[in-house]
Amino acid sequence: MCLITTNMFLLYPQLVALNSIQGEWPWQVSLQIRSHLCGASIISDRWLLSAAHCFQDNNANPSLWTAFFGSVIVGEGTSRTIERIITHPNFSIPGLFNNDIAVLELSSPLTFTDFIRPICLPSSSHVFRDGQTCTVTGWGTLSYQGLCKADVNIVSNDACIRAYGNLISNKMLCAGILAGGIDACQGDSGGPLVCEESSGTWLLAGIVSFGDGCAQPDTPGVYSHVTNSFSKCTIASNSISH
């Protein structure tokens with residue numbers, strides 16, 4: 001069952017990792033080939049969701065990858081190898097990051113704990129509101145190895161098109177702080193943008209995809225829109241449950 005609220009994890013001792021607490025984001029995954037390259041989200045005991053652009057060319061071989069779970073320190077915690085990588089059949093690169101989404105099958109199922117749990121997926125009709133505050137997490141390019149978090153606002157497609165032109169499609173979701181200074185960055189690709197609903201349920205809204213630099217004014221981060229992009233991946237895998 002996906003996590004309804006993370007408030008319980010605030011009772012655990014704080015591990016200094018910039019501003020993330022151990023267990024605060026239990027769906028966060030570090031994907032590594034010898035070192036951290038991309039993020040991902042747990043969506044069931046056997047499946048992860050990430051960005052298709054992480055698995056191009058030589059990186060398409062699943063045997064190269066190891067996934068780490070359950071720790072805010074990159075490279076620590078529980079690990080699994082990757083059995084299978086399924087990228088969206090309509091993903092296009094370079095130049096256009098439509099359908100930048102992939103599902104990854106683990107070599108063996110996870111055992112859920114207080115620190116390892118799946119994120120809830122939105123229904124096909126769910127709408128994330130313009131201006132809604134959500135959270136992006138990842139290890140990025142910072143020299144410190146602790147998991148970072150940043151609150152960002154959902155940005156309208158019109159505002160995003162003004163920043164990026166015809167690169168933006170309805171398969172994408174934009175979020176950021178238009179004044180600049182807060183954003184996802186290199187190394188966060190594939191990681192989660194999550195939004196807490198009024199019910200206390202956290203939903204996976206987006207997957208870190210691309211941006212124009214990092215934290216520049218008037219250039220929000222661009223995410224794969226989970227609601228609009230995930231269905232064909234689930235059909236391709238044919239066996240995801242959460």
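A residue is termed buried when its relative accessible area is under 20%. By this criterion, W25 and W202 are both buried in the predicted model. These two residues form an aromatic pair, one of seven found in a search of the whole structure. The ring centres of W25 and W202 are separated by 5.3 Å and the ring planes stand at 90 degrees; because planes over 60 degrees apart count as edge-to-face, the pair is assigned to that class. The contact joins distant parts of the chain, as W25 belongs to the segment before β1 and W202 to strand β11 (residues 202-210), with the two positions 177 residues apart in sequence numbering.

Strand β11 also contributes F210 to a pair with Y164 of helix α1 (residues 157-164), and this pair likewise links distant parts of the chain, 46 residues apart. The rings of Y164 and F210 have a centre separation of 5.7 Å and a plane angle of 80 degrees, and the pair is therefore edge-to-face. Y164 counts as buried because its relative accessibility is 11%, and F210 counts as buried at 18%. Ring pairs further connect Y164 and F210 with F91 and F97 in a cluster.

The segment before β1 (28-33) also includes Q22. With a relative accessible area of 16%, Q22 is buried. A polar atom of the Q22 side chain lies 3.1 Å from the backbone nitrogen of V72.

Definitions and conventions
Residues are numbered from 1 along each chain as its sequence is written. This is a predicted model: local features need pLDDT of at least 70, side-chain atom pairs count only at pLDDT 80 or more; totals for chains, interfaces and linings use all residues. Side-chain values use heavy atoms; hydrogens and water are left out. Helices (H or I, at least four residues) and strands (E, at least two) are DSSP runs, numbered from the N terminus. Buried means under 20% relative accessible area, exposed over 50%, partly exposed in between (1.4 Å probe, protein chains only). A polar contact is a pair of N or O atoms within 3.5 Å; within protein, one must be able to donate a hydrogen and the other to accept it, and residues adjacent in sequence count only if both atoms are side-chain atoms. Rings of Phe, Tyr and Trp (its six-membered ring) pair if their centres lie within 6.5 Å; planes under 30 degrees apart count as stacked, over 60 as edge-to-face and the rest as tilted.
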